[in-house]
Amino acid sequence: MHRLLIPSHPTIAAPALLLSTLVLVSACGAPPSEPVAPATDAIAYEGARLIIGDGQVIENGTLLVEQDRLVAVGASDAVEVPAGAARVDLSGRTVMPAIIDTHVHLRETRDERVEDLQRKAYYGVGVVLSLGRGVSEMAFQLRDEILPNAARYRTVGRGITAPEPGRTEVPSWITTEEEARAAVQALVPQNVDMVKIWVDDRGGQFDKLSPELYSAVIDEAHQNGLRVTAHVYTLEDAKGLLRAGLDAFAHGIRDMDVDDEVVELFKARPEVVLVPNLPGTGVAADLNWLSGTIPADQLEQMQERSVDRPAAQEAFGIQARNLARLSAEGVTIAFGTDGGAGWSPHAEMEDMVLAGMSTADVLVAATGNSAEMLALDDLGTLATGKSADFVVLEANPLDDITNTRRISDVYLRGEAVDRAGLSATWVGP
């Protein structure tokens, strides 16, 4: 038995005596208390099929998210969920990385552009790259902001082209090698994501950017650590751009079917990325899936305009065959829509599958490949340490690519996009 020694000056030592007594009683007779779990703000999203974004699929997986980061990704029986973490049951659903759209043209004012970025986010897009209109001070401010319920914004700044009188004067118009290099040098301090050039005579209206001039642009960009993407139309121009060291194509080849020579040029440059930007199929389509973001009267008008168009079908056929062949030959395919509509990525993915790409390859193009093209190291795949940007789907897009439209939730930087609130703003409750 423990003895308590009472001091000779109880008025001074009483508090210490009481504390000692409590400690001894606890040590001798009280049952041990259960350990308290450390506080955590982690959230475990459990039981979903995980489409990783690099071709891998985990059939029963867990994402562990803390704040804006993925801190664990794997099979549910292999991910250790900390005590106290919130748990979200996603059994029967599919999770994929947020889409990356590397070719957009958004509206001009800040409010319009923010709305366009919110519409992209509503449909599961995490990042966009503006290829032609993001030249204002406001555009570069947006690039550096994190906006709630909105995709991240990136821009090439002023693109570069030959003079096109009567068309937009937003791009830098160049006629000499000195002007070509100066146009690139003006972009360097802006830290643009890529340099954009146009090589197109617009149906014979203008003299297009010559090989001497686009070669100077590419050389100057590379000397300054920048990569170049090109709007292109013809097979012959694609060959010239490949020989000049181009890094990416912002369009597929559109005037004729590709030949063996261009295939060999692509194979000699395996780092080159193709963003196909397919045209519309020219086939009437059911547009009811857009009802969440488009008022009923506008949607009705869009539906009326969705009719079979033989000329468009022919144009789609050329680009579809070219995409199918280049993809089969091992060319890296990324993803872009050449527009501002929030829903357009889902139509583009369907068109890429119709063209002949596998559904799995299209999903990689729209996520992991596009992130790599834009050097977005923390996006594009579901992997530990990356930004928690992902889309929860009601059905598996590997079974049917149109299932990417069956969105349950979108998370950007770990936060759920308020899709219901955005929809109510656009079309009413």
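Salt bridges are a good place to start: in this predicted model, the structure holds 31 of them. One links the side chains of Lys120 and Asp101, with nitrogen and oxygen 3.1 Å apart. Lys120 belongs to helix α2 (residues 110–122) and Asp101 to strand β6, so this contact ties together parts that are 19 residues apart in sequence. Both partners are hidden from the surroundings, since buried means under 20% relative accessible area and both Lys120 and Asp101 are buried.

A second salt bridge is formed by the side chains of Glu164 and Arg202, at 3.5 Å from N to O. Here two loops are brought together: Glu164 lies in the loop between β9 (160–161) and β10 (172–173), while Arg202 lies in the loop between β11 (195–199) and α5 (211–223), and the two residues are 38 residues apart. Glu164 is buried, and Arg202 is buried too.

The salt bridge between Arg325 and Glu329 has its closest N and O atoms 3.8 Å apart. Arg325 has a relative accessible area of 26%, so this residue counts as partly exposed. Glu329 is likewise partly exposed, at 30%. Salt bridges can also share partners, and in this way Asp68, Arg69, Arg152, Asp378 and Asp389 are joined into one network.

Strand β6, the home of Asp101, also takes part in a sheet. This open sheet is formed by 3 strands in the order β6-β7-β8, with parallel pairing. Its edge strands are β6 (99–104) and β8 (152–155), each of which pairs on one side only. On average, and with direction ignored, neighbouring strands of the sheet are turned by 20° against each other. Between β6 and β7 (residues 125–130), which run parallel, there are 4 bridges. Val104, for example, has Ser130 in β7 as its bridge partner.

Aromatic rings offer another set of contacts, and the model contains 8 aromatic pairs. In one of them, the ring centres of Phe249 and Phe266 are 5.6 Å apart and the ring planes stand at 50°, so the pair is tilted. Phe249 sits in strand β13 (residues 248–249) and Phe266 in helix α7 (residues 260–268), so that distant parts of the chain, 17 residues apart, are linked. Phe249 and Phe266 are both buried.

The pair of Trp289 and Trp343 has another geometry: the ring centres are 6.2 Å apart and the planes meet at 90°, which makes the pair edge-to-face. Trp289 is found in the loop between β14 (273–274) and α8 (296–305), and Trp343 in the loop between β15 (332–333) and α10 (344–355), so the contact ties together parts that are 54 residues apart in sequence. With a relative accessibility of 23%, Trp289 counts as partly exposed. Trp343 is partly exposed as well, with a relative accessible area of 23%.

These two tryptophans belong to one aromatic cluster, formed by Tyr122, Tyr123, Trp289, Trp343 and Trp426. Which residues place a charge over rings of this cluster? The charged end of Arg405 sits over the ring of Trp289, 4.1 Å from the ring centre. Similarly, Arg419 has its charged end over the ring of Tyr122, at 4.0 Å from the centre of that ring.

Notes
Residues numbered from 1 in each chain as written. Predicted model: local features only at pLDDT ≥ 70, side-chain atom pairs only at ≥ 80, totals over all residues. Heavy atoms only, no water. Phe/Tyr/Trp six-rings, centres within 6.5 Å; stacked < 30°, edge-to-face > 60°. Buried < 20%, exposed > 50% of the residue type's maximum accessible area, 1.4 Å probe, protein only. Lys NZ or Arg CZ within 6 Å of the ring centre and 35° of its normal. Pairing = 2+ DSSP bridges. Axes fitted to C-alpha atoms, helices over the stretch in contact; angles between N-to-C directions. Salt bridge = Lys/Arg side-chain N within 4 Å of Asp/Glu carboxyl O.
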